[in-house]
Amino acid sequence: MALDLRELEAATEGILFASGEPVNIERICIALDLDRDTAEMILQKLEDHYAYERRGIRLIRMDDAYQLCSAPDYADVIRKAFEIRKSAKLSQPALEVLTIIAYYQPTTRAYVDQVRGVDSSYTMGLLQERGLIEECGRLQVPGRPHLYRTTKEFLRVFHLSSLEELPEMPGIEPEGQLRIGDAANLFDMADIQPESNSASQDEA
């Protein structure tokens, strides 16, 4: 039985709610027997509805995937209800590493080290643990070093639909070093902000 538009919206909402994870638009198209344009129209209507009605949930897009999540306006209330600790803030070194990978991906740890002028292996390991970066193959040169890129979790955390929404690339000093503060400014849009870190230890 063919579903009308209202039923299609409800069915799409049900799929997204049941998943709890990002759902690729192709899965929605197959499940509801829709073409991509129609599916995108329905998803856009849902996104606009939640935002316009100031509901407690939002629909966010991450490349070709969509996910329901709680509205940022009610983050403190939600944490209080479930006694959730606020996510630890990212340190300045972590933000610098994340910035370099976001703009130059896929890239190697050696390139990140070259730009920063310091060993970044510990920080990159922590960013992997948080799910913000991931390995994505090897560079076809002697030694075949790992390549790294940002993840869908990175898009979700920083409220980006795709990497195309990244702000203009921050400047690099002539000697190749990332300008101090550029990484922090880049991620002002995020829920997590860089913590004050006067120590020289490279930590996330």
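## Exercises on a predicted fold

Thr-107 stands opposite Tyr-148 in E6. That's our way into this predicted model, so grab the structure and work along.

**Exercise 1. Place the Thr-107/Tyr-148 bridge in its strand pairing, then find what else pairs with E6.**

Step 1: Strand E4 covers residues 107-108 and strand E6 covers residues 146-150; they pair in the antiparallel sense over two bridges.

Step 2: Now look at E5. Four bridges tie E5 to E6, and these strands run antiparallel too.

Step 3: For a concrete example, take Ile-133, whose bridge partner in E6 is Thr-150.

**Exercise 2. Describe the surroundings of Cys-136 and decide whether Cys-136 is buried, partly exposed or exposed.**

Step 1: Locate the residue. Cys-136 sits in strand E5, residues 133-138.

Step 2: List the contacts, skipping residues up to four places away in sequence. Cys-136 touches Pro-106, Leu-147, Tyr-148 and Arg-149.

Step 3: Compare sequence with space. Cys-136 and Thr-107 are 29 residues apart along the chain, yet their C-alpha atoms are 9.3 Å apart.

Step 4: Classify. Buried means under 20% relative accessible area and exposed means over 50%. Cys-136 has 26% relative accessibility, so Cys-136 counts as partly exposed.

**Exercise 3. Work out the strand order of the sheet that contains E1, E2 and E3, and find its edges.**

Step 1: Start with E2 (residues 57-62) and E3 (residues 65-70), which pair in the antiparallel sense over six bridges. Among the facing residues, Ile-57 has Ser-70 in E3 as its bridge partner, and Arg-58 stands opposite Cys-69.

Step 2: Check the connection. E2 and E3 make a hairpin with two residues between them, and Asp-63 in the turn has a positive phi of about 55°.

Step 3: Add the third strand. The order is E1-E3-E2 in an open sheet with antiparallel pairing. E1 (23-24) and E2 are the edge strands, each pairing on one side only.

Step 4: See what covers the strands. Helix H1 (residues 5-19) lies across E1, E2 and E3, running at about 70° to E3.

**Exercise 4. Classify two helix packings, H2 with H3 and H5 with H7, by angle and by contact chemistry.**

Step 1: Helix H2 (residues 25-32) packs against helix H3 (residues 36-52) at about 105°, with the axes 10 Å apart. Since 65 to 115 degrees counts as roughly perpendicular, H2 is roughly perpendicular to H3.

Step 2: On the H2 side, the contact uses Ile-25, Glu-26, Ile-28 and Cys-29; on the H3 side, Arg-36, Ala-39, Glu-40 and Leu-43. By class, that's five nonpolar, no polar and three charged residues.

Step 3: Helix H5 (residues 92-104) and helix H7 (residues 121-129) pack at about 80°, with their axes 10 Å apart. H5 and H7 are therefore roughly perpendicular to each other as well.

Step 4: H5 brings Pro-93, Ala-94, Val-97, Leu-98 and Ile-101, while H7 brings Thr-123, Met-124 and Leu-127. The tally for the contact of H5 with H7 is seven nonpolar, one polar and no charged residues.

**Exercise 5. Label the geometry of the Phe-154/Phe-158 ring pair and the accessibility of its members.**

Step 1: A search of the whole structure turns up two aromatic pairs. One of them joins Phe-154 and Phe-158, at 5.1 Å centre to centre with 50° between the planes.

Step 2: Planes under 30 degrees apart count as stacked and over 60 as edge-to-face, and this pair is tilted.

Step 3: Phe-154 is at 0% relative accessibility, so Phe-154 counts as buried. Phe-158 is at 0% too, so Phe-158 also counts as buried.

Terms used
Residues are numbered from 1 along each chain as its sequence is written. This is a predicted model: local features need pLDDT of at least 70, side-chain atom pairs count only at pLDDT 80 or more; totals for chains, interfaces and linings use all residues. Side-chain values use heavy atoms; hydrogens and water are left out. Rings of Phe, Tyr and Trp (its six-membered ring) pair if their centres lie within 6.5 Å; planes under 30 degrees apart count as stacked, over 60 as edge-to-face and the rest as tilted. Buried means under 20% relative accessible area, exposed over 50%, partly exposed in between (1.4 Å probe, protein chains only). Axes are lines fitted to C-alpha atoms, for helices over the stretch in contact, and angles run from 0 to 180 degrees between N-to-C directions. Angles under 35 degrees count as roughly parallel, over 145 as roughly antiparallel, 65 to 115 as roughly perpendicular and the rest as oblique. Contact means heavy atoms within 4.5 Å. Ala, Val, Leu, Ile, Met, Phe, Trp, Tyr, Cys and Pro count as nonpolar, Asp, Glu, Lys and Arg as charged, and the others, Gly among them, as polar. Two strands pair if DSSP finds at least two bridges between them.
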